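Biologist: Could you take me slowly through a single part of this model, the open sheet, and what packs against it? I would like one connected account that a first-year student can follow.

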Amino acid sequence: MSEAVQTHKKLASWREILEHNKEAFAQALPSVGLTPERVIRTALTAMRQNIDLTKCEPKSVVASLLQACELGLSVSNTLGHCYLVPFNNTKKGIKECTMIIGYRGFTQLAMRSGKVNPIQTFIVYEKEPFTISGGSYPRIEHTPLPPAARGEKKIGVYAVAPLKDGSSAHAFLWADEVEAVRKRSRAGEFGPWVTDPDEMWKKTAIRRLAKMLPLSTDFQKAAVIDEYNEAGIVASDVIIAEEEQQTFEDSVKPAVLIP
């Protein structure tokens, strides 16, 4: 059996599983323009782009998609709202899927709250003019330079949120702080930390900023779930209500996936 035929059969099996959970996706989705059909289509596209996702335990994939649906975020790699990332669970001897939020996903949630103007995130490079001060009037002054002039070394990253009342809040992390976050992440050596490192740097700053902002419950929930997911802590119960958990467990249709 050729690799192309094998992949086609795997995706056909996965389409059946995802279609069986279509109603669960529909119930979880808020009114933000996403549809269960689009959720299924983008999930299958993600699987085509990363064949290891087709080897994941089905319930973990559905749980990850339900998390994304609850937050109204697309799993399209192109949009970068959030990513489906496969992990090896060595204790269980299986692959499991985890949903990792990107910085664009956090930006979307912040905008939906209606309490902030667009959040800006910047990586600071070694040759760029930059000062940061704390105290009673904390301030960041930074002049971004073009790639040819800014140098290659990243020294930090920050996120700034202009609030609707005219004030603003910011969060800054030095490079070694971001590196510490990456090392704690299960996806630190693969997934978006490798394919989209700049976005993960920016996401880390926004997640730090989330703790300072009076944003929506969805935004705060997303920050908690993302931190748990990256650390390998099961965050399903944060998203899926207890009374819905049994329904979810029963909704994942068993299927024989093509090895």
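Modeller: Before any residues are matched up, one term is needed: two strands are said to pair if DSSP finds at least two bridges between them. In general, the strands of a sheet pair through backbone hydrogen bonds, and the pairing may be parallel or antiparallel. The model we are looking at is predicted, and in this model three strands make up an open sheet whose order is 3-6-7, with antiparallel pairing. Strand 3, covering 120-125, and strand 7, covering 168-174, are the edge strands, since each of them pairs on one side only. From one strand to the next, the twist averages 15 degrees.

If we now look at one of these pairings, strand 3 runs antiparallel to strand 6, which spans residues 154-162, and six bridges join the two. Within this pairing, Val-124 has Gly-156 of strand 6 as its bridge partner. Helix 7, made of residues 175-184, packs on the sheet and touches both strand 6 and strand 7, while its direction makes about 80 degrees with that of strand 7. There is also helix 9, residues 197-210, which lies across strand 3, strand 6 and strand 7 and runs at about 50 degrees to strand 6. To follow the sheet with its helices on the display, you could therefore begin at strand 3, one of the edge strands, cross to strand 6 by way of Val-124 and Gly-156, and then look for helix 7 where it touches strand 6 and strand 7.

Conventions: Residues numbered from 1 in each chain as written. Predicted model: local features only at pLDDT ≥ 70, side-chain atom pairs only at ≥ 80, totals over all residues. Heavy atoms only, no water. Helix = DSSP H or I, 4+ residues; strand = E, 2+ residues; numbered from the N terminus. Axes fitted to C-alpha atoms, helices over the stretch in contact; angles between N-to-C directions. Contact = heavy atoms within 4.5 Å.
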